[in-house]
Amino acid sequence: MAEGTNLGVGVDVGGSGIKGAVVDLDTGEFVGERVKILTPKPATPDAVAAVVADIVRELDWDGPVGVALPSVIKHQVAQTAANIDKSWIGTNVHDLLSRHLGARPIAVLNDADAAGLAEVAFGEPEAQNGAVIFLTFGTGIGSAFFAEGRLFPNTELGHLLIDGRDAEHIASSAVKDAEELSYSQWAERVDGVLHEFDRLFNPTAFVVGGGISRKADKWVPKLTVDVPVIPAKLRNRAGIVGAAMAAHDHVTPNTSAPGRRVGGI
Ligand code: BGC
């Protein structure tokens, strides 16, 4: 597919699947089908990059590509690897992807930051104002902080220690599955975590995303935290859309002050 001015490609690397699509950057909608390939095991940088290249090839796309990873990304280098192979740490993801995708603009950013950017741009209007904490509940808990719609990148609230445990080990949706918690039981866990985040960061709203936000009516009404909790609108489409936005906004490697919207990753 030829590069269009308002089209982009985003790829979201998750613990179980790697998903990509062509995105209409004016609407945040996918153009055509989403392509999903299972995450290779082990999910080493080269194995994942090869899958990203397969997806981009399948999308028939030769323009800029944005990739969202479950890692802290500073100057295009992965700094952490909580739910992905440890060999990512220290990897220059731009160089890695350039080897697999050829010379083209490539943007790399944290998966929750990507999803948050998309929710702010195309989701509930409340997310655009105030001090908003966006959270994704999946294999881990991802976070993205926004002040008046501008991202403060690479926050890692999933690893905030609560009673000596990572927040994501208490209340991710993977924990709900592993411990076979009911929505009520899990909502209580999420509530505890949100109270702690609220106590420390005092946001004006939380936006909650990830696949489980599709069932928001089963757990969001049970939360007691004294801040509006808004279910995300784009759900698990958000990571792909945000990655495509980052590529389009020229979040280029080794640049400390790229596209305004992504807050200088
Ligand atoms: C990682 C974050 C990521 C989140 C969601 C956490 O374990 O540390 O970087 O955003 O999972 O994938």
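Which strands does helix 2 (residues 93-101) lie across? Helix 2 lies across strand 4 (65-69) and strand 7, and runs at about 135 degrees to strand 7. Helices (H or I, at least four residues) and strands (E, at least two) are DSSP runs, numbered from the N terminus. Axes are lines fitted to C-alpha atoms, for helices over the stretch in contact, and angles run from 0 to 180 degrees between N-to-C directions. Contact means heavy atoms within 4.5 Å.

The model is predicted: local features need pLDDT of at least 70 and side-chain atom pairs count only at pLDDT 80 or more, while totals for chains, interfaces and linings use all residues. Residues are numbered from 1 along each chain as its sequence is written, and side-chain values use heavy atoms, with hydrogens and water left out.

**The sheet with strand 1**

Strand 7 belongs to an open sheet of five strands with the order 3-2-1-4-7 and mixed pairing. Two strands pair if DSSP finds at least two bridges between them. Strand 3 (29-38) and strand 7 (106-110) each have a single partner strand, so one side of each edge strand is left without a neighbour in the sheet. On average, neighbouring strands of this sheet are turned by 20 degrees against each other, direction ignored. Strand 1 (residues 7-13) and strand 2 (residues 17-24) run antiparallel and are joined by seven bridges. Within this pair, Gly10 has Ala21 of strand 2 as its bridge partner. Helix 3 also lies across this sheet, over strand 1, strand 4 and strand 7, at about 100 degrees to strand 7.

**The sheet with strand 8**

A second open sheet of five strands has the order 10-9-8-13-14, again with mixed pairing. Its edge strands, strand 10 (150-152) and strand 14 (229-231), pair on one side only. Neighbouring strands here are turned by 30 degrees against each other on average, direction ignored.

Strand 8 (residues 131-137) is mostly covered, with six of its seven residues buried (under 20% relative accessible area with a 1.4 Å probe, protein chains only; over 50% is exposed and the range in between partly exposed). Strand 8 and strand 9 form a hairpin with three residues between them. The pairings of strand 8 are listed below.

| Pair | Sense | Bridges |
|---|---|---|
| Strand 8 and strand 9 (residues 141-147) | antiparallel | seven bridges |
| Strand 8 and strand 13 (residues 205-209) | parallel | five bridges |

Phe137 stands opposite Ile141 in strand 9. Towards strand 13, Phe134 stands opposite Val207, and the bridge partner of Ile133 is Phe206.

Helix 3 lies across strand 8, strand 9 and strand 10, and runs at about 50 degrees to strand 9. Helix 6 (residues 183-201) packs on the sheet as well, touching strand 8, strand 9, strand 13 and strand 14, and its direction makes about 150 degrees with that of strand 8.

**Helix pairs**

Two packed helices are described by the angle between their axes and the distance between the axes. For helix 3 (residues 111-122) and helix 8 (residues 238-248), the angle is about 85 degrees and the axes are 7 Å apart. The two helices are therefore roughly perpendicular to each other (65 to 115 degrees; angles under 35 count as roughly parallel, over 145 as roughly antiparallel and the rest as oblique). In their contact, Ala114, Ala115, Leu117, Ala118, Glu119, Ala121 and Phe122 of helix 3 meet Ala238, Gly239, Val241, Gly242, Ala243 and Met245 of helix 8. By class, this contact has ten nonpolar, two polar and one charged residues. Here Ala, Val, Leu, Ile, Met, Phe, Trp, Tyr, Cys and Pro count as nonpolar, Asp, Glu, Lys and Arg as charged, and the others, Gly among them, as polar.

Helix 1 (residues 45-58) and helix 2 pack at about 50 degrees, with their axes 9 Å apart; they are therefore oblique to each other. Helix 1 contributes Pro45, Asp46, Ala49, Ala50, Val52, Ala53 and Val56 to the contact, and helix 2 contributes Leu96, Leu97, Arg99, His100 and Leu101. These residues divide into nine nonpolar, one polar and two charged.

**Thr91**

Thr91 lies in the loop between strand 6 (77-78) and helix 2. Thr91 is buried, with a relative accessible area of 14%. Leaving aside neighbours within four places in sequence, Thr91 is in contact with Pro45, Gln76, Val77, Ala78 and Leu96. Of these, Pro45 and Leu96 also take part in the contact of helix 1 with helix 2.
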